[in-house]
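User: I'm new to this structure and would love a close look at one part of it. Could you pick a helix, walk me through its surroundings, and show me how it fits into the whole?

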Amino acid sequence: MSNKALFSGAWCPSVIPFKTSGEIDYDALQKHFDRLAASGTDGILLMGTIGEFVTMNLSERENLLKKARKMTKLPMIAHVSTTCVDDMVHLADIAYAEGYEAVMALPHYYYAQTPKQLYEYFIDLNNRFKGKWLIYNFPARTGCDVDAALVLKLAKECPNFVGIKDTVDCSSHTRLIVRALAPVRKDFSIFAGYDEYFVPNLMNGGAGVLSGLNNVVPELFTKIKVAYQANDLAKVAALHEEIGRLSGIYAIGDDFVTTIKTTVARKYKYLEPISRNYGGKLNPEQLAAVDTLFDIK
């Protein structure tokens, strides 16, 4: 694990709790942040995919940015993607003013941009963002891919471009980015976006992981980080196997966002299993599968 990367370790893309009335439950969010901090989590991504950013209006996102930053001393990155670049810049301005360490942006989703379009889009964001920023690469949702060549080109031209969350179900994709950036940007943070790629990414020279199970078992990821730093590879291997087992959560239900939030609700009791994603509510058989997987009594 590089100690020169600006951000590293195990980061949590936090769930955002909702009340039965549909409003954001800030009391529950505070409890979630407190638990993450106590577990040794290295940082929080606010309003990622698991944070259901696409279901929030601009006012909700503005208020969430302001309130959430005051809830924890952990480093925080704000995900500001929308389909309107002016709104993205507006949210980024709030995040920088509130003290977020950086912001994160998807490709301009829906249009499935070409490499040339992606380059021009991110250059425009770089010129309009007032601080550090990362790319959120999630081809399954955006229809386009930010590859190693594009990351390298942007990293050379944009000092404030400081990292990427590479949510691609192929560890070699992330490895290629790591190898491309290693000679030119020691500060650059390359996160795997899948839980089970935490260890492979570390071993390939990446910064760490930014993944959903950190909401449920953040202590497990902290243990891996500590064991890896101590060069206790036998322990790393055993803990990595446990991540593989728990990754079975993604096969439960129609919507992994709701499944993860439901698991947190059942295991820790401080939030409601309410998601804004349609059709994701778990049936009794699926709830039993969650309880079995995570030994919830």
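Analyst: Happy to! Please keep in mind that this is a predicted model. The chain holds twelve helices and eight strands, and we will look closely at helix 4, which covers residues 115-128.

Let's start with the setting. The eight strands form a closed barrel, running in the order 1-2-3-4-5-6-7-8 with parallel pairing. From one strand to the next, the twist averages 25 degrees. Helix 3 (residues 85-98) packs on this sheet, where it touches strand 3, strand 4 (102-105) and strand 5 (133-137). The direction of helix 3 makes about 155 degrees with that of strand 4. For an example of the pairing, take strand 2 (residues 43-46) and strand 3 (residues 76-79), which run parallel and are joined by three bridges. Here Leu-45 stands opposite Ile-77 in strand 3.

Now to helix 4 itself. Its 14 residues reach 20 Å from the first C-alpha to the last, close to the 20 Å expected at 1.5 Å a residue. Which residues of helix 4 are buried? They are Leu-118, Tyr-121, Phe-122, Ile-123, Leu-125 and Asn-126. As you look at how they are spaced, a general point helps: an α-helix has 3.6 residues a turn, so residues three or four places apart point the same way. And what do the buried residues of helix 4 pack against? Their partners are helix 3, strand 4, strand 5, helix 6 (148-157) and strand 6. Helix 3, one of these partners, is the helix we met above touching strands 4 and 5.

Strand 6, another partner of helix 4, spans residues 161-166 and leads us to Thr-167, found in the loop between this strand and helix 7 (171-181). Thr-167 has a relative accessible area of 6%, so it counts as buried, the cut-off being under 20%. Leaving aside neighbours within four places in sequence, Thr-167 is in contact with Tyr-136, Asn-137, Phe-138, Pro-139, Gly-193 and Tyr-194.

Finally, let's step back to the whole chain. Buried residues make up 57% of its 297 residues. Among contacts between residues at least 6 apart in sequence, 72% join residues at least 24 apart. The radius of gyration is 18 Å, which agrees with the value near 19 Å for a compact globule of 297 residues. Along the principal axes, the C-alpha atoms fill a box of roughly 55 × 50 × 35 Å.

Note on methods: Residues are numbered from 1 along each chain as its sequence is written. This is a predicted model: local features need pLDDT of at least 70, side-chain atom pairs count only at pLDDT 80 or more; totals for chains, interfaces and linings use all residues. Side-chain values use heavy atoms; hydrogens and water are left out. Two strands pair if DSSP finds at least two bridges between them. Helices (H or I, at least four residues) and strands (E, at least two) are DSSP runs, numbered from the N terminus. Axes are lines fitted to C-alpha atoms, for helices over the stretch in contact, and angles run from 0 to 180 degrees between N-to-C directions. Contact means heavy atoms within 4.5 Å. The radius of gyration is taken over C-alpha atoms; the globule rule is 2.2 Å times the number of residues to the power 0.38. Buried means under 20% relative accessible area, exposed over 50%, partly exposed in between (1.4 Å probe, protein chains only). The expected span of a helix is 1.5 Å times one less than its number of residues.
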